[in-house]
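Please open the structure in a viewer and keep the selection panel at hand. The tour proceeds from a whole chain to the interior and then to the enclosed spaces.

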There are 2 protein chains.
Amino acid sequence: MTRAIGVLIFPDFQLLDATGPIAVFDTAARECAAAPYPVRVMTDAPGPVISSSGVQLMAEHMSDDPLDTLIVAGGRGTREASVCLETLAFIRAVVARTRRIASVCTGAFILAAAGLLDGRRATTHWSRAAALARLYPQIHVEPDRIFIRDGAIWTSAGVTAGIDLALALVADDLGEAIAKRAAQQLVVYYRRPGGQSQFSALLQADRSGSRFSPVLGLGTRAIG
Amino acid sequence: MTRAIGVLIFPDFQLLDATGPIAVFDTAARECAAAPYPVRVMTDAPGPVISSSGVQLMAEHMSDDPLDTLIVAGGRGTREASVCLETLAFIRAVVARTRRIASVCTGAFILAAAGLLDGRRATTHWSRAAALARLYPQIHVEPDRIFIRDGAIWTSAGVTAGIDLALALVADDLGEAIAKRAAQQLVVYYRRPGGQSQFSALLQADRSGSRFSPVLGLGTRAIG
């Protein structure tokens with residue numbers, strides 16, 4: 001059974017948001033020959049797409065071809081991508097014909113702009129969680145998570161959390177044993193303990209109750 | 001002070017071996033505006049270079065331009081790259097004009113083929129450590145490490161260990177505080193505890209002394 005993975009990128013995307021999950025699917029497919037994961041990198045203007053590092057990844061034009069899973073990268077270019085009408089229309093159209101949709105890091109802002117996260121639990125990079133909650137009060141933002149699944153929509157914390165998210169997608173498809181073997185090949189932890197607060201001085205401080213607590217939803221005080 | 005980073009890739013390279021370190025240098029440069037790290041992806045046939053995942057990264061031709069650091073990726077294409085005369089000549093020439101050279105994952109086989117690891121301590125992906133030790137008995141292979149520095153030559157364990165290695169290079173350049181902030185932005189552990197055996201059933205079993213112990217240098221029995 002083939003599961004086509006689409007990875008959506010845009011100018012100034014975070015290279016690792018896209019390549020972390022790609023490496024997971026490539027590795028999982030080798031660990032389980034019966035389940036190939038062909039990966040297609042997609043964008044609105046095909047060709048080399050520049051990442052925030054200056055390094056370019058090749059991408060094809062977003063198409064109507066069937067996908068099993070769409071993964072939306074984040075990065076500095078998220079701001080522009082989340083107001084790109086073609087990108088938003090593509091994502092809204094994909095929902096109907098795709099089994100699941102995921103975002104990595106600030107890719108959650110693009111899913112939010114497309115309306116996919118309304119009424120759902122979601123996460124994003126720790127440094128942008130408060131902004132996501134403020135911009136979209138209809139989303140239940142949980143800042144201290146590595147990834148969150150809410151039905152068919154998955155969101156991850158910052159950058160390398162996309163690797164954890166992709167491993168969880170593989171586990172959901174092929175079982176824990178294959179996902180764990182892929183993690184071993186990639187030399188990453190399978191199911192990191194705890195949330196992303198351990199990677200953020202801001203979120204760590206916040207656990208004890210700071211002025212960010214109400215917005216982040218982490219503190220012990222009530223909002224308002 | 002600008003430190004140009006060259007990242008050497010080849011057909012069938014492991015995408016994450018290259019993009020993990022690239023993301024680290026990009027992030028560190030943003031955390032410390034005084035120290036930009038321009039990244040140049042290099043190969044012997046410039047243009048889009050296909051990774052083992054099928055996804056293509058753009059690369060320029062290897063050049064004589066000065067580099068501060070050269071990082072050599074690994075992956076399935078290592079076998080061909082390590083017998084590519086142009087690649088080996090490039091690496092040997094780079095040694096004289098570059099402050100340090102590093103390999104990620106099985107990129108160590110390319111450095112080994114160029115003679116750079118002779119008499120040195122080095123590591124590679126856990127699944128290939130025994131092969132490296134067998135092919136190059138003059139290298140002191142240490143399989144259970146995340147990365148190793150031996151003078152100007154750095155080598156890392158498998159795939160995502162390239163992120164750990166790049167963070168160590170940044171710490172060496174800009175101090176621990178900047179490297180730690182880059183790790184927080186990327187949502188990765190700074191200085192993972194232990195070696196890569198925790199990611200390998202093979203190496204874990206080996207710790208208790210198996211038939212691989214003499215080759216891997218991990219067991220309690222003497223070699224021979």
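The stops below are given in the order in which they may be selected.

Before starting, note that this is a predicted model, in which local features need pLDDT of at least 70, side-chain atom pairs count only at pLDDT 80 or more, and totals for chains, interfaces and linings use all residues. Residues are numbered from 1 along each chain as its sequence is written, chains are lettered from A and ligands numbered from 1 in the order in which they are written, and side-chain values use heavy atoms, with hydrogens and water left out.

**Chain A**

Select chain A and display it as a cartoon. Nine helices and ten strands appear; these are DSSP runs numbered from the N terminus, helices being H or I of at least four residues and strands E of at least two. Chain A has 224 residues, of which 62% are buried, that is, under 20% relative accessible area with a 1.4 Å probe, counting protein chains only. Switch to a surface: chain A exposes about 8,400 Å², and 55% of that area comes from carbon and sulfur atoms (Shrake-Rupley method, 1.4 Å probe).

**The nonpolar cores**

Next, select I9, L57 and I91 in both chain A and chain B. Within the largest nonpolar core, which has 157 residues, these six touch the most other members. Such a core is a set of buried Ala, Val, Leu, Ile, Met, Phe, Trp, Tyr and Cys residues joined through side-chain atoms within 4.5 Å. Then select W126(A), A161(A), F199(A) and V187(B), which are among the six residues of another core, apart from the largest.

**The largest cavity**

Rolling a probe the size of a water molecule over the atoms shows where empty space is left. The structure holds two cavities of 30 Å³ or more. A cavity is a set of points, on a 1 Å grid over the protein atoms alone, where a 1.4 Å probe fits but cannot get out; its lining residues have an atom within 4 Å of a point. Volumes are the space filled by probe spheres set on the points, which are joined across faces, edges and corners.

Select T160(A), V188(A), R192(A), V188(B) and R192(B): of the 14 residues lining the largest cavity, these lie nearest its centre. The space there is about 190 Å³. With three residues, α6(B) supplies the largest share of this lining.

**The second largest cavity**

Finally, select F147(A), D164(A), L167(A), A168(A), Y190(A) and R191(A), the lining of the second largest cavity. About 50 Å³ of space lies inside, and α6(A) gives the most to its lining, with three residues.

Methods
Buried < 20%, exposed > 50% of the residue type's maximum accessible area, 1.4 Å probe, protein only. 1 Å grid on protein atoms, 1.4 Å probe; cavity = no way out; pocket = protein on both sides within 12 Å on 5 of 7 lines; lining within 4 Å.
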